[in-house]
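Biologist: I am new to this structure and would like a close look at a single part of it. Could you take me through that part slowly, and then show me how the rest of the chain is arranged around it?

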Amino acid sequence: MGLPFSEPGFSLPDMTLIGLPSPSIGYLAWRRLTDGQRLSENYRAYSLQLEYLQLVLDDLQALGLGQSSGKLTEQLTTCRTQIQGLLANLRSLLEALAQPLPAIGEPLDSKAYGTSDFERKLRGYIVCREYVRWIDRTLRDFALLSDSAST
């Protein structure tokens, strides 16, 4: 994505995107979630991540980085495929618990595509950062689900 994003140790303050859920939750609130709520939050988050990752892929093309960032494009495409598999598993788990699928809504509209080059790069960084944070949260959620299933 170029400077400043390619600098070693680059980080941004905790900026967020409207419509992209944050995995941050207070510890006690997280512990109080039911298995169904935990799975629903993950399902909703990854459903939205799919849409945002597609926007990032589209942004790479618009920035003319689609071919030159082949490895990044490939990694983002792989992430999308893995998320689709995870969503299928989450859907099965929610169905097994007789939980309804959460409402997702439409976080993005066509205006999201028409932003400046810097905003596109910034958005890509934030989407990828939040994806990694959701993976960490999902690992903790699944560890807790596993513990509750074995007791």
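Modeller: Let us begin with Ser40, which lies in helix H2, the element made of residues 35-62. This is a predicted model, and what follows should be read with that in mind. Ser40 counts as buried because its relative accessibility is 15%, and the cut-off for that word is under 20%. Leaving out residues up to four places away in sequence, Ser40 touches Leu94, Pro100 and Pro102. Of these contacts, Leu94 belongs to helix H3, since that helix covers residues 70-96.

To place helix H2 in its setting, it helps to look at the whole chain. The protein chain has four helices and zero strands, and from the N terminus on its elements run α-α-α-α. Buried residues make up 37% of the 151 residues in the chain. Among the contacts with a separation of 6 or more, 85% are between residues 24 or more positions apart. The accessible surface comes to about 8700 Å², and carbon and sulfur atoms account for 56% of that surface.

Staying with helix H2, we come to Tyr46, which takes part in one of the two aromatic pairs that a search of the whole structure finds. The other pair is best described before it, and it joins Tyr27 and Trp30 in a tilted arrangement, with 5.9 Å from centre to centre and 45° between the planes. Tyr27 and Trp30 are separated by about one helical turn, because they are three residues apart in helix H1, which spans residues 27-32. The two partners differ in their surroundings, for Tyr27 is exposed with a relative accessible area of 56%, whereas Trp30 counts as buried at 11% relative accessibility. The pair that includes Tyr46 has Trp134 as its partner and is edge-to-face, with 6.2 Å from centre to centre and 65° between the planes. This pair links distant parts of the chain, as Tyr46 sits in helix H2 and Trp134 in helix H4, residues 117-150, with their positions 88 residues apart. Tyr46 counts as buried at 0% relative accessibility, and Trp134 is buried as well, with a relative accessible area of 2%.

Helix H2 also contains residue 38 within its range of 35-62, and Arg38 lies over the face of Trp30, at 5.0 Å from the ring centre.

Tyr46 leads on to the interior of the model. The largest nonpolar core has 29 residues, and those that touch the most other members are Tyr46, Leu53, Leu76, Ile83, Leu87, Leu90 and Val127. The elements that give two or more residues to this core are H2, H3 and H4, and the largest share, eleven residues, comes from H2. Leu76 offers a view of this part of the model, for apart from its neighbours within four places in sequence it is in contact with Leu53, Val56, Leu57, Leu60 and Cys128.

Cys128 brings us to the cysteines, and here Cys79 is a useful second point of reference. Cys79 lies in helix H3 and is buried, with a relative accessible area of 16%. Not counting residues up to four places away in sequence, Cys79 touches Leu53 and Tyr131. Cys128, by contrast, counts as partly exposed at 26% relative accessibility. Cys79 and Cys128 are 49 residues apart in sequence, and their C-alpha atoms are 10.0 Å apart in space. A disulfide is a covalent bond between the sulfur atoms of two cysteines. The count in this model comes to zero disulfides. Cys79 is in none, and the nearest cysteine sulfur, that of Cys128, is 7.3 Å away. The closest cysteine sulfur to that of Cys128 is in turn the one in Cys79, and at 7.3 Å the two are too far apart for a bond, because a disulfide calls for sulfur atoms within 2.5 Å.

Finally, we can return to the surroundings of Ser40, whose contacts include Pro100 and Pro102. Ala98 is found in the loop between H3 and H4, and it has a positive phi of about 60° although it is not a glycine. Ala98 counts as exposed because its relative accessibility is 68%, whereas Ser40, where we began, counts as buried at 15%.

Note on methods
Residues numbered from 1 in each chain as written. Predicted model: local features only at pLDDT ≥ 70, side-chain atom pairs only at ≥ 80, totals over all residues. Heavy atoms only, no water. Buried < 20%, exposed > 50% of the residue type's maximum accessible area, 1.4 Å probe, protein only. Contact = heavy atoms within 4.5 Å. Areas by Shrake-Rupley, 256 points an atom, 1.4 Å probe, with all protein chains shown as cover. Phe/Tyr/Trp six-rings, centres within 6.5 Å; stacked < 30°, edge-to-face > 60°. Lys NZ or Arg CZ within 6 Å of the ring centre and 35° of its normal. Core = buried A, V, L, I, M, F, W, Y, C linked by side-chain atoms within 4.5 Å.
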